[in-house]
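This report describes a predicted model. It takes up the domain division, one strand and its neighbours, a helix residue, and a set of salt bridges.

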Amino acid sequence: MRIDIITVLPELLQNFTQESIVGRAQRKGLVEIHVHNLRDYSTDKWRRVDDYPFGGFAGMVMQCEPIDRCISKLMAERKYDEIIFTTPDGEQFDQPMANTLSLAENLIILCGHYKGIDYRIREHLITKEVSIGDYVLTGGELAAAVMTDAIVRIVPGVIGDEQSALSDSFQDNLLAAPVYTRPAEYKGWKVPDVLLSGHEAKIKEWELNQSYERTKRLRPDLLEKK
Ligand code: SAM
């Protein structure tokens with residue numbers, strides 16, 4: 001899988017793409033993340049990529065030309081499954097969307113800044129608009145990082161069995177069961193007896209019951225989707 005992220009702040013994504021799961025996935029050759037500096041596609045001598053909005057509104061707007069040049073260059077090199085724009089008015093990112101996008105071969109994620117991007121790019125080039133929540137960030141980089149992390153960690157082979165993504169929250173519309181590690185007792189706080197019993201079937205049953213109980217209590221809306 002390949003993800004191309006287009007941004008005016010490539011430095012912000014540098015560590016993110018080299019570290020942890022995403023870095024490891026790249027070193028294993030399972031994923032390629034390419035970060036493109038949008039300013040490299042500007043024809044302006046100051047490398048500007050934004051201008052004042054028509055209509056006299058406040059703020060600045062990212063111009064069509066640099067974005068079009070960057071996306072068109074990438075599209076000439078390979079076929080993309082989706083060209084995603086991060087935007088607060090987009091479709092809400094969630095686990096099912098991450099699952100679907102993890103099956104893609106090539107994705108572009110465009111990060112907005114300032115007041116956003118010239119709407120014509122959204123009308124003519126973007127195939128999917130995605131929000132990571134009902135709040136406004138300064139730029140799309142953190143949204144791109146959130147999405148990339150959630151997508152990459154479920155690409156087959158990226159995380160090992162010991163961290164199996166299948167038992168994480170939201171897979172199957174359930175929250176995960178609580179987890180514990182050694183010591184079995186700390187300051188008098190005890191680990192549930194069943195987890196020390198070695199009885200595999202009972203442990204599985206406990207895990208499922210805990211998942212249902214926590215989902216019912218904390219996120220009953222998820223059970224309606226089951
Ligand atoms: N004027 C825009 C609006 O009200 O919808 C907000 C622009 S915001 C300051 C700048 C950029 O940050 C957006 O273009 C988008 O790329 C990114 N961004 C902000 N909030 C986001 C969110 N919740 N999800 C995804 N991207 C977001």
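## Domain division

The protein is divided into domain 1, covering residues 2–152, and domain 2, covering residues 167–223. Between the C-alpha centres of domain 1 and domain 2 there is a separation of 37 Å.

## Strand β1 and its partners

Strand β1 spans residues 2–7 and is mostly covered, with six of its six residues buried. In a regular strand the side chains alternate between the two faces of the sheet. In β1 both faces are covered, since R2, D4 and I6 on one side are buried, as are I3, I5 and T7 on the other.

β1 runs parallel to strand β2 (residues 32–37), to which six bridges join it, and within this pairing T7 stands opposite N37. β1 also pairs in the parallel sense with strand β6 (residues 106–110), in this case over five bridges, and there the bridge partner of I3 is L107.

## T215 in helix α7

T215 lies in helix α7, which comprises residues 200–218. Because its relative accessibility is 0%, and buried means under 20%, T215 counts as buried. Leaving aside residues up to four places away in sequence, T215 touches N173, L174, L175, P220, L222 and L223. T215 and I3 of β1 are 212 residues apart in sequence, and their C-alpha atoms are 33 Å apart in space.

## Salt bridges

Side chains of opposite charge can pair when their charged atoms come close. A search of the whole structure finds 15 salt bridges, including one in which the side chains of R47 and D40 meet at 3.2 Å, N to O. R47 is partly exposed, with a relative accessible area of 36%. Another of these salt bridges is formed by the side chains of D89 and R122, at 2.9 Å from N to O. This pair links distant parts of the chain, as D89 is in strand β5 (residues 82–92) and R122 is in helix α5 (residues 119–124), 33 residues apart. D89 is exposed, with a relative accessible area of 53%, whereas R122 counts as buried at 13% relative accessibility.

Salt bridges that share partners join R2, D4 and E32 into one network. Within this network, the side chains of R2 and D4 meet in a salt bridge of 2.8 Å, N to O. R2 is buried, with a relative accessible area of 13%, and D4 also counts as buried, at 0% relative accessibility.

Key
Residues are numbered from 1 along each chain as its sequence is written. This is a predicted model: local features need pLDDT of at least 70, side-chain atom pairs count only at pLDDT 80 or more; totals for chains, interfaces and linings use all residues. Side-chain values use heavy atoms; hydrogens and water are left out. Domain bounds come from an automatic or database domain assignment. Buried means under 20% relative accessible area, exposed over 50%, partly exposed in between (1.4 Å probe, protein chains only). Helices (H or I, at least four residues) and strands (E, at least two) are DSSP runs, numbered from the N terminus. Two strands pair if DSSP finds at least two bridges between them. Contact means heavy atoms within 4.5 Å. A salt bridge is a side-chain nitrogen of Lys or Arg within 4 Å of a carboxyl oxygen of Asp or Glu.
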